[in-house]
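Subject: Handover of the structure

Hello,

I am passing this structure on to you. Please open it first, then read the notes below it.

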Amino acid sequence: MTASNVDIDILALVKICTIVFLGWYLAKSFYVAFLGPLSKIPGRKRDAFAIWLSLPTILAGKDWLKNRLIHAEFGPIIRTGPNFLFVGDRDAIKKIVITEDFPKAQFYKLFRRKSDEETLFSGTDKKFHKLRRRMLSPAFSIKYLASLEPLIKNCFRDVIIIIDHLINDLSMGVNGRKQSAIINIYQIIHNCSLDVIGETAFGRKFDMVLTNKHQIPDEVRYSLRRMVMVAFLPFARLFMRERKYLEEFVTKLAKTRRQQHPDVVKKDILQILLDSVDDENTGLTDYEILGQIEEFMIAGSDTTSFSTSIAMILLSRHQRVLEKLFQEIRAAIPEIGPDNLPDYALLKELPYLNAVINETLRLWPITLNGLTIRELTKDIMIGPYHVPAGTVVFPSTYYLHTNKELWGPDALEFVPERWLVPERIPKDAFYPFSAGSRNCIGQNFALLEMRLIIASLVRRYEFTDIPGQPFDIKHFITPMLTNHQYNILMNLRNED
Ligand code: HEM
């Protein structure tokens, strides 16, 4: 046999293998989409055929909008991939998330520094999760939050200082009043949330509000991008090298803290992590602490800042609600200033403030594209459909939160008043912080921060919306405004 004959045979073999593989792949995809156990569930057939056909919308951060349209066309239970369902049915969500409490999907492994290094958020093993949750819960207890309050206020003080400065910098307007300043409310609140996590979990404020730059948030963002890239494309580790900055930073920080006298240590989340031990009296390693605080920064900053800035945007667009909220806050807080910020104990009792926050979280939950993605470990019925074990289910918060049959004809409108009438709130239809064993551990922390920021801003400033600017949302892990910007006209309130 000559060399060229061998070449031709290898080429022919490659061609045959490719055709066989493609044939097998197409036949399998066809079977899964049109004949498999999920084939009766409505949705777009192309999504059921192959998930990669949705990649352009996923990579553009617009999958949430696509799923919203599919829900509108096909109802509460839809198929969004060969093995994926979005479920907006109230009873089904309760069953999946609370009653059966199915484990998180393997997809969460993407959020680990090392694929076998589970963390609270990314843990898929129930036993591990229970243990880690028990270890970390004290850091988020209501009692401990009281010691975090001054740290959070310390960060928010910078927001007031900088907004006052921007307003005061403007020349005096007519009637001796300052002119309104144009404030990018989205960015300033986002930076404040990063400072809060810096102050409470990394042991120091990042000064993002004042300087708009710090290496730690940049490094955490890089680390998250790297985790996701390497999980999808293992060869990405060749060009996205693991950086040592965060690891060295946390090791040094932990060492310093461990050497400090107990009387002088700061009472923050980092300290609870350093002190926490499991049932066998074993503490977390420095690397585990790094994984956890990095996770708190990812889970705790974009979420809180998105929710808070959306609340401020909605208020600026609904002046009637803003005025009503102002009246409630003014009655409770006679004065406010950078060194005179309201206390959490007082804010949590303000019904209209809480109604505004709930209404924001109802209309714009951070889980616009599903919450706590679960993997079924046994066959169950979802609505009228039999769904086999192994199916990945996205509970569809947005659908549930805006279902007119549950919330009434104004379900899509911003009406905080509904929260003042308990009978208007449907049961088991509001999960902004998820539910069951995997609910948000930082819920009270987030509410503390949201109440403080919203109440203080509303008490001190007037807000006016600037119509016509983009309000475009992208959703990857959490939602965000596409250009990281939303401007509001702000002025100091005239106390006359
Ligand atoms: C308004 C602000 C917030 C909202 C709406 C929110 C919402 C949520 C939701 C829906 C989940 C479940 C997500 C999933 O499993 O896929 C979650 C989990 C989690 N959140 Fe939050 N969150 C907020 C703020 C925070 C803050 C401030 C922190 C920490 C400082 C935090 C830490 C966590 C952690 C660690 C988990 C995983 C808990 C577990 O699996 O046991 N969150 N959050």
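Below is what I found, place by place.

Please keep in mind that this is a predicted model.

**The iron and its donor**

Start at the ligand. Which protein atom is a donor of its iron atom? The only one is SG of Cys440, at 2.3 Å. Cys440 is found in a loop, between α18 (404-407) and α19 (443-460). UniProt lists Cys440 too, under "binding site", in an unreviewed entry. In the model, Cys440 is partly exposed, because its relative accessible area is 34% and partly exposed covers the range between 20% and 50%.

**The shell around the ligand**

The ligand is surrounded by 28 residues. The closest are Lys104, Tyr108, His129, Arg133 and Cys440. Three polar approaches are worth a look. Lys104 puts a polar side-chain atom 2.9 Å from an oxygen atom of the ligand. Arg438 has a polar side-chain atom 2.9 Å from an oxygen atom of the ligand. With Ala299, a backbone N or O atom lies 3.4 Å from a nitrogen atom of the ligand.

The elements that give two or more residues to this shell are α6 (126-136), α13 (286-317) and α19. Which of the elements gives the largest share? That is α13, with six residues. By class, the shell holds 15 nonpolar, 10 polar and three charged residues.

**The loop between α18 and α19**

Go back to the loop that holds Cys440. Glu417 is found there as well, between α18 and α19. Is Glu417 buried or exposed? Glu417 is buried, because its relative accessible area of 17% falls under 20%. Its side chain has two polar contacts to look at. One is with the side chain of Lys324, at 2.9 Å. Another is with the side chain of Tyr352, at 2.7 Å.

Gly442 is also in the loop between α18 and α19. Gly442 has a relative accessible area of 13%, so it counts as buried. Now take Phe394, which is 48 residues away from Gly442 along the chain. The C-alpha atoms of Gly442 and Phe394 are separated by 21 Å.

**A long jump in sequence**

Next, find Ile96 in helix α5 (residues 90-99). Its relative accessibility is 1%, so Ile96 counts as buried. How far apart are Ile96 and Gly436 in space? Their C-alpha atoms are 9.5 Å apart, although the two positions lie 340 residues apart in sequence numbering.

**Strand β8 and its partner**

In a regular strand the side chains alternate between the two faces of the sheet. Strand β8 (residues 461-465) shows this alternation. Tyr461, Phe463 and Asp465 point to one face and are buried. Glu462 and Thr464 point to the other face and are not buried.

β8 runs antiparallel to strand β11 (residues 487-492), and five bridges join them. Asp465 has Ile488 as its bridge partner in β11.

Tyr461 also has a link outside the strand pair. The side chains of Tyr461 and Asp164 are joined by a polar contact of 2.7 Å. Asp164 sits in helix α7 (residues 142-169). Asp164 is buried, because its relative accessible area is 11%.

**The four-stranded sheet**

Another sheet is open and has four strands, in the order β1-β2-β7-β4. Its pairing is mixed. Which strands are at the edges? They are β1 (77-81) and β4 (374-375), and each pairs on one side only. β4 pairs with strand β7 (residues 392-395) over two bridges, in the antiparallel sense. There, Arg374 stands opposite Val393 of β7.

**The N-terminal annotation**

One last item comes from the record. The unreviewed UniProt entry marks residues 12-36 as "transmembrane region". In the model, that span is 92% helix and 0% strand. Its end C-alpha atoms lie 33 Å apart.

**Where to begin**

I would start with Cys440 and the iron atom, then go to Lys104 and Arg438 at the oxygen atoms of the ligand. After that, follow Tyr461 from β8 to Asp164.

Best wishes

How values were computed: Residues are numbered from 1 along each chain as its sequence is written. This is a predicted model: local features need pLDDT of at least 70, side-chain atom pairs count only at pLDDT 80 or more; totals for chains, interfaces and linings use all residues. Side-chain values use heavy atoms; hydrogens and water are left out. Donors are N, O and S atoms within 2.8 Å of the metal (3.2 Å for Na, K and Ca); water is not among the atoms, so sites may look incomplete. A residue is near a molecule or strand if one of its heavy atoms lies within 4 Å of it. A polar contact is a pair of N or O atoms within 3.5 Å; within protein, one must be able to donate a hydrogen and the other to accept it, and residues adjacent in sequence count only if both atoms are side-chain atoms. Ala, Val, Leu, Ile, Met, Phe, Trp, Tyr, Cys and Pro count as nonpolar, Asp, Glu, Lys and Arg as charged, and the others, Gly among them, as polar. Buried means under 20% relative accessible area, exposed over 50%, partly exposed in between (1.4 Å probe, protein chains only). Two strands pair if DSSP finds at least two bridges between them. UniProt positions are given in the numbering used here, feature names are shortened, and annotations may be inferred rather than shown by experiment.
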